[in-house]
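I opened this notebook to keep track of what I looked up, beginning with charged side chains and ending with one helix. The entries follow the order in which I went through them.

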Amino acid sequence: MASHRKPRTSVLASPTGRRTAAGLTTAALASVTLLSQSADAAPRAPKPTVEEVKQKVDDLYHQAEVATQKYNAAKERADGQRHTVDRLLDASAKRAEKMNESRRLLGTFASAQYRTGGMNPTAQLMLAKDPQQFVDRNHLMERLTGRQKQAVTDYQEQQAAATKQRAEATRSLERLQASQASLKESKRSVQDKLTEARQLLSRLTAQEKARLAELERQKEAAAKRRAAEEARKQQERERQRQQDGDGSTGGSTGGGSTGGSTGDSATNKGAKALAFARAQIGKPYVWGATGPTSYDCSGLTQAAWKAAGVDLPRTTWDQVKVGQRVATKDLQPGDLVFFYDDISHVGMYLGDGKMVHAPKPGASVREESIYYMPIYGSVRPG
């Protein structure tokens, strides 16, 4: 007898099943919605203001200038050590030629004595693994002629000198490689800072860029006002001294006086250096550059004072150590003014509180107030 199976009932087919499925679907949708809302609600970093971008870019340019000075120092070391290595290798090659000449002379003695029969002491010396020990034997030295003794002595001296020069050249080469590695690292650091600054600027809208330019103009205007005020005060001090019968003119932040205690020689050199620097106005700032088509800050001051007959070191850190320290109120045209606590920037004083300098990437050599940046100190080369 055939058994009848009860038809299967689908859960979804029943009202209860439909309600359960609907509830699950609703819960799933709610979960998805909540997750979506949670993701949207995650805090986003606020877009930096134009003022914040300006501060960040200025900081990056400052850091790039520090890295540029490190690059300049490493390049100077590398260039000097490369010259030393080349000199030592040339000297080593000449020394090797002298040693070979001494060896050929010994070989001549050995060949001549071999032809006369037997292995003579000179030949034994040439074939010995330790010639020095062999030469130290008294009976050998007694049997060598005076000329042969001199040939042996010359060979040994040349051999010792060549060994010493090779060792010195090797050490210099190692120092050169270390300087080149430092040079490469400093170059990468500069490029990274400048790239980051360019990226920040590229994200600004046209309106934000206009605002940034306005902030820059405001900063420049404030620096000019301070320079003008300091110049006025200096002129007042000069007039007061003259009225008091002092008669001394001194230097002048305001008027750019070329008098002073350093005499006409320093004054003339400063004037020549300043004339050179002003002739470079409009040429682009390029980090690591020393002219003639582009400059960084210390490259410009170095080239300017070289035109006046004074050799300055390459970096701001070394230039600040050269010459006479000068107070800001006593600045004369041609004096070097250094900026920031880390002494990473330098300009050449022009007079009336202004300087000529190579400012930063994207800018050209120009005149600007010395109060645009925090002053570290000043020196007068010459």
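**Salt bridges**

I began with the count, and in this predicted model it comes to 17 salt bridges. I then took some of the pairs one by one, noting for each where the partners sit and how much of them is accessible.

**Entry: Lys-56 and Glu-196**

I looked up Lys-56 and found that its side chain meets that of Glu-196 in a salt bridge, with 3.9 Å from N to O. This pair ties together distant parts of the chain, since Lys-56 belongs to helix α2 (residues 50-115) and Glu-196 to helix α6 (residues 146-202), with their positions 140 residues apart. I also checked accessibility: Lys-56 counts as partly exposed at 36% relative accessibility, and Glu-196 is partly exposed as well, with a relative accessible area of 33%.

**Entry: Glu-214 and Arg-217**

Next I turned to Glu-214 and Arg-217, whose side chains form a salt bridge at 2.9 Å, N to O. Both lie in helix α7 (residues 206-243), and because they are 3 residues apart there, about one helical turn separates them. I noted beside this that an α-helix has 3.6 residues a turn, so residues three or four places apart point the same way. For Glu-214 the relative accessible area is 29%, which makes this residue partly exposed, and Arg-217, at 47% relative accessibility, is also partly exposed.

**Entry: Glu-367 and Arg-278**

I then followed Glu-367 to its partner Arg-278, and the closest N and O atoms of this salt bridge are 3.2 Å apart. Here a strand is linked to a helix from a distant part of the chain: Glu-367 is in strand β5 (residues 366-369), Arg-278 is in helix α8 (residues 263-279), and they are 89 residues apart. Glu-367 is partly exposed with a relative accessible area of 33%, while Arg-278 is partly exposed with 43%. I closed the topic with a network, in which salt bridges that share partners join Lys-54, Asp-58 and Glu-216.

**Entry: helix α9**

How many of the 11 residues of helix α9 (residues 297-307) are buried? I found 9 of them buried, so the helix is largely enclosed by the rest of the structure. The buried residues run from Cys-297, Ser-298 and Gly-299 through Leu-300, Thr-301 and Gln-302 to Ala-303, Ala-304 and Trp-305. My last note concerns what comes after α9, where Gly-309 follows with a positive phi, near 90°.

Key. Residues numbered from 1 in each chain as written. Predicted model: local features only at pLDDT ≥ 70, side-chain atom pairs only at ≥ 80, totals over all residues. Heavy atoms only, no water. Salt bridge = Lys/Arg side-chain N within 4 Å of Asp/Glu carboxyl O. Helix = DSSP H or I, 4+ residues; strand = E, 2+ residues; numbered from the N terminus. Buried < 20%, exposed > 50% of the residue type's maximum accessible area, 1.4 Å probe, protein only.
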